[in-house]
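Visitor: Hi, could you walk me through this one? I'd like to start where the chains meet.

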Amino acid sequence: MSNSAEPTPTTQGLSATDRRRRRSIYVMVALSALSTVLFGILPGSNQKVTYGFVLDKEWVLIHQWALNAKSASLGFGLLALIASILGYQLFQRGIKSRLVGAVASAGILMSFLSWAAAGKFIPFTGLLQGALFLSVPLIFGSMSGVLSERSGVVNIAIEGQLLAGAFASGVVASLTHSTFWGLLVAPIAGSLISLLLAVFAINFGIDQIILGFVLNVLVYGITDFLYKMLLIPYQSTWNSGPTLAPIKIPFLWKIPVVGPILFDQTIIVYLMYIGIFALNFALFRTKWGLRTRAVGEHPTAADSVGIKVNRLRFRNVLIAGLVAGLGGAYFTVGLGGAFSKEMTAGKGFIALAALIFGRWSPWGAVGAALIFGFADNLQSVLGIIGTPIPSEFMLMAPYVATIIAVTGFIGRVRAPAADGAPYKRGENH
Amino acid sequence: MRKPQLSSLRALKLPVLAFLLAMFAGALLIAFSDAPSLKKIGHPWQFIKSASAAAGHAYFALFQGAIYDHTLATPHNPWLAFYPLSETLVAAAPLILAGLSVALAFRAGLFNIGAQGQFIFGSIAASYIGFHFHLPIGVHVILAVIAAIVAGAIWGGLVGLLKARTGAHEVIVTIMLNYVALYFLMWVLGTTTFLRPGRKDPIAPDVATSARMPHLAGDNFRVNFGIFIALAAAVFVWWLLSRSTWGFRFRAVGANTAAAKTAGISVPFVMTAAMVISGALAGLGGAVHVLGSDFSLSGGSAGNFGFDAVTVALLGRAQPMGTVIASILFGALRAGGSTMQANTTTPIDIVLVIQALVVLFIAAPSVVRFVFRLKNVKTGGELVAKGWNG
């Protein structure tokens, strides 16, 4: 992304970054105004929208919140408008605030939701629960991407790693009748794919994008093949694994709304929480993290201070495979037990999108994964209750958002400088 | 005359060996997942006999389904035994076009994973013109093909334009656009225009007979004019790349963007133009598929053509001729795979494994070199890594 696209800096004394930031604020203001008009003023109906909140146990309705759909849309739209205008004011004074951005986005979303679900019932807690549910593999996948790409190896084989993990854990859990072995073998399967990626990319210097693509095809092929060859005809031995039971974290799971969502989950999800914090800490607060980032941005400089570039990359790619493989276990032992053909269904590519949308940063990737998971779930919830927007267009949203992000129209994403470039001493510069 | 022949033979050595190796690995996979054989694993000799029989049967059925099946011949039409060969060419035609799309972009330094999306848009356009209008024979099919080319060119050109104007990496953009295209197809199939009368499932009406590609060998065989279109496109791409000024510019940008820029070549223009042509080829592939053999657009119409196209282009070393040969080979595997799945216990998905392994071995000649104890195998320089910032 190094060609003439970058506009030459400073017209009106603003840096390119600041002008881009200003442009995104303009877009935010425009979107808020648009949703206020579109959802809050134009619709003629006078229906109610009902939001249901579950405070304690699942499926027991504790609280309902019925609103006039039109005025709710108007209210949320205006809230978004005020927040984004406030954001502009703060920007003029040189203050960056993520909070106003978040409020504005939430306002736009709620405005849309109140319009789309007019006359309907929205199980709000369920909506969030489902969003987390769909985000888990995305978060694992994008963390795998962070690990590998921050150290300079492009990983588009996330899909393959997830699928390999799902397959291995499902089959092994079924053969051993034990979730423990299923859980243990999933990361190994993921890192086997990583091993191929690492050997071919780092040792042989083959294009990592092509390699990732081919590895995905390979995993699809092998799992599809074995699925039809063994898992279908001999289902009772090969594909009827047990599933993990959710564990309630004492006290925490009783927190209203968030408790049942966050703290009544399987061990995989708790490992994910730990992983998110651990990755963020390790990447920015430890020697390993500093070295990893150095190797990803400027391997020659890293080498010159004695860091073993390729060894570190190799190790990080393997760890990335462990993480994605564990995420794959979520599909089988984490949910239904049984493996089904191509069950990751492109989640690895949405994880890649989340990684890019989140600007290759751990928190950014997690945030993007949550947003994409939410969009996916919102789509299916709205699909069930029936809405004016075709569900296909909502399914497109994460992909379109990622394209907008990489084109730099709103904000700017930049990959680690040496991402995808093999390192050979004396050849790079 | 002798020398160039020798060198082109040597260029074939690696792909052929890679293919053999992949077939062998596939056989091992079949052998070790054959449940009746696995039961005999305590008796090694019996296991080997039974497992190799399983693999042998599978590959024999694969061959039968791809080239020649004597059981299909009837007393008054022995030619029917070649029905599988016709099926191979039917599968190969769209694949050649999609493969050329990827190969052309490759030569201009762009990795077009988006052939799938461009293929989908081509199919949608061809199908729409094909079933919605009533036009004279000849005019109809030409219009449908042109529509598909334009649709594919727009969808591909968008990628080139974004890359040229903003630097957005084409791989990221095309992966995302493939999904957008897929969901667009799903949506389009649900609209009243595309819904087949009397049906509720997402399947478009059959294209009119006036919009179909003419059969080449009578109505018993599905092989159609599409294969000629594909071969003509291969000649065109060959001419474009190695005989035209544009092609020279494409290759210059592909080889070294900075040098090309210094030499006065407009890199943004080349990127956009290459992606427009690339998209047009994939869109044409969609047309050949829909108008030649599929006739009715459905959610799975585009199948895996766009993704197989990438493996085909890689196996063919991004050369037009190589892509054609690789496409026919993979077309044969696809056609044979269906027969194999029907007649034996081996599922068609083994084809995907073989495909992936071939490309992996091609990409890493060291593996092939090691297995066959070769000293010097000609390796292509097309697979040099560039990454997100390249």
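Visitor: So how many residues does the contact take from chain A and from chain B?
Guide: The contact takes 51 residues from chain A and 48 residues from chain B, two residues being in contact if their C-beta atoms, placed from the backbone, lie within 7 Å. This is a predicted model, where local features need pLDDT of at least 70, side-chain atom pairs count only at pLDDT 80 or more, and totals for chains, interfaces and linings use all residues. Residues are numbered from 1 along each chain as its sequence is written, while chains are lettered from A and ligands numbered from 1 in the order in which they are written.

Visitor: Which element gives the largest share of chain A's side?
Guide: That is α7(A), with 17 residues. Helices here are DSSP runs of H or I, at least four residues, and strands are runs of E, at least two, numbered from the N terminus.

Visitor: And how do the residues on that side divide?
Guide: Into 36 nonpolar, 10 polar and 5 charged. Ala, Val, Leu, Ile, Met, Phe, Trp, Tyr, Cys and Pro count as nonpolar, Asp, Glu, Lys and Arg as charged, and the others, Gly among them, as polar.

Visitor: New topic: how many helices and strands does chain A have?
Guide: Chain A has 17 helices and 5 strands.

Visitor: What about α10(A) and α16(A), at what angle do they cross?
Guide: Roughly 150°, with the axes coming within 9 Å; axes are lines fitted to C-alpha atoms, for helices over the stretch in contact, and angles run from 0 to 180 degrees between N-to-C directions.

Visitor: Which residues meet there?
Guide: A:I276, A:L279, A:N280 and A:L283 in α10(A) meet A:P362, A:W363 and A:V366 in α16(A). They divide into 6 nonpolar, 1 polar and no charged.
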